Amino acid sequence: MEETLTYTAFVGENAHRLGAPGDDAPVVKTRFDGDAGALFLIFEDHSGRQVDFDLRGAVNEVVARALPAPSRTGPGRPRLGVVSREVSLLPRHWEWLEQQPNGASASLRRLVDEARKRDPGKERARLAMAAAGRIMSAIAGNLPGYEEASRALYAADRANFEERILDWPHDIRAYIQRRAEGAFAKP
């Protein structure tokens, strides 16, 4: 399931929803140039990972750097979306994989697909919880009640979580609530 990457930028406590980096880099660049001393935090919405856009130079340079890198070519079957990477396993694991029909790669793909199908609701909740936790740590780590809110998030205690973040700045609270929504979903 391929997700379209979207971003949210925080300038201080104020959130600015962004779309694709190439589309919104000029907006962020203009805001940055207007107040280079402002604290900018940009998050990839789905994963909650903090990203850095290099805002130096002209707008067209910023846009060029913000666009995703071209897909790499090399070992594997790039046209099929197959990417070669290194996997470290113990000798007993390699022995088992070598005995499987269709080879080690096919066996690993089957194992991953089976694991993904086993409990997708639980996996989505875990990923949402991790994303919300990363975001909270970065933008709310110094806010009152952060530790308690974090514990409530990881305990999937929605009522306690909501109570702990009630006094946080509006944009921060709203963004974290949106990102944490999946963490409280019943699988």
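In the predicted model, S107 sits within helix α4, which spans residues 103–118. Its relative accessibility is 2%, so S107 counts as buried, the cut-off for that class being under 20%. Beyond its neighbours within four places in sequence, S107 touches L97, Q100 and P101.

One of these partners, L97, belongs to the contact between helices α3 and α4. Helix α3 covers residues 91–98. Its axis lies 8 Å from that of α4, and the two helices pack at an angle of about 100 degrees. The pair is therefore roughly perpendicular, a term that covers angles of 65 to 115 degrees. On the α3 side, the contact is formed by W94, W96 and L97. On the α4 side, G103, A104, S107, L108 and L111 take part. By class, the α3–α4 contact holds six nonpolar residues, two polar residues and no charged ones.

A second helix pair has another geometry. Helix α5 runs from residue 120 to 140, and helix α6 from 146 to 154. Their axes come within 10 Å and cross at roughly 175 degrees. α5 and α6 are therefore roughly antiparallel, as angles over 145 degrees are classed. Helix α5 contributes M129, A130, A132, G133, M136, S137 and A140 to the contact. Helix α6 contributes Y146, A149, S150, L153 and Y154. Nine of the residues in the α5–α6 contact are nonpolar and three are polar, while none is charged.

Helix α6 also carries a salt bridge. The side chains of E147 and R151 meet there, with an N to O distance of 4.0 Å. These two residues are four apart in α6, which means that about one helical turn separates E147 from R151. E147 is partly exposed, at 47% relative accessible area. R151 reaches 53% and therefore counts as exposed, since that class begins over 50%. Side chains of opposite charge can pair when their charged atoms come close.

The count of salt bridges in the model comes to four. Among them is the pair R158 and E162, whose closest N and O atoms are 4.0 Å apart. Both residues lie in helix α7, residues 158–164. Their spacing is four residues, so R158 and E162 stand about one helical turn apart. E162 is partly exposed, with 26% relative accessible area. R158 is also partly exposed, with 32%.

R158 has another salt-bridge partner, E181, at 2.6 Å from N to O. R158 lies in α7, whereas E181 belongs to the segment after α8 (170–180), so this bridge ties together parts that are 23 residues apart in sequence. E181 is partly exposed, at 43% relative accessibility. Through shared partners, salt bridges join R158, E162 and E181 into one network.

The strands form an open sheet. Four strands are arranged in the order β2-β1-β3-β4, with antiparallel pairing. β2 (14–18) and β4 (50–51) are the edge strands, each paired on one side only. Between them in the order, β1 and β3 are neighbours. Strand β1 comprises residues 7–11 and strand β3 residues 40–44. Five bridges join these two strands, which run antiparallel. V11, for example, has F40 of β3 as its bridge partner.

Two helices pack on the sheet. Helix α5 touches β1, β3 and β4, and its direction makes about 175 degrees with that of β3. Helix α8 touches β1, β2 and β3, and its direction makes about 160 degrees with that of β1. Helix α5 thus has contacts with the sheet as well as with α6.

Overall, the protein contains eight helices and four strands. From the N terminus, the elements follow the order β-β-α-β-β-α-α-α-α-α-α-α. Of the 187 residues, 30% are buried, S107 being one of them. Among contacts between residues at least 6 apart in sequence, 55% join residues at least 24 apart.

Definitions and conventions
Residues numbered from 1 in each chain as written. Predicted model: local features only at pLDDT ≥ 70, side-chain atom pairs only at ≥ 80, totals over all residues. Heavy atoms only, no water. Buried < 20%, exposed > 50% of the residue type's maximum accessible area, 1.4 Å probe, protein only. Contact = heavy atoms within 4.5 Å. Axes fitted to C-alpha atoms, helices over the stretch in contact; angles between N-to-C directions. Parallel < 35°, antiparallel > 145°, perpendicular 65-115°, else oblique. Nonpolar A, V, L, I, M, F, W, Y, C, P; charged D, E, K, R; others polar. Pairing = 2+ DSSP bridges.
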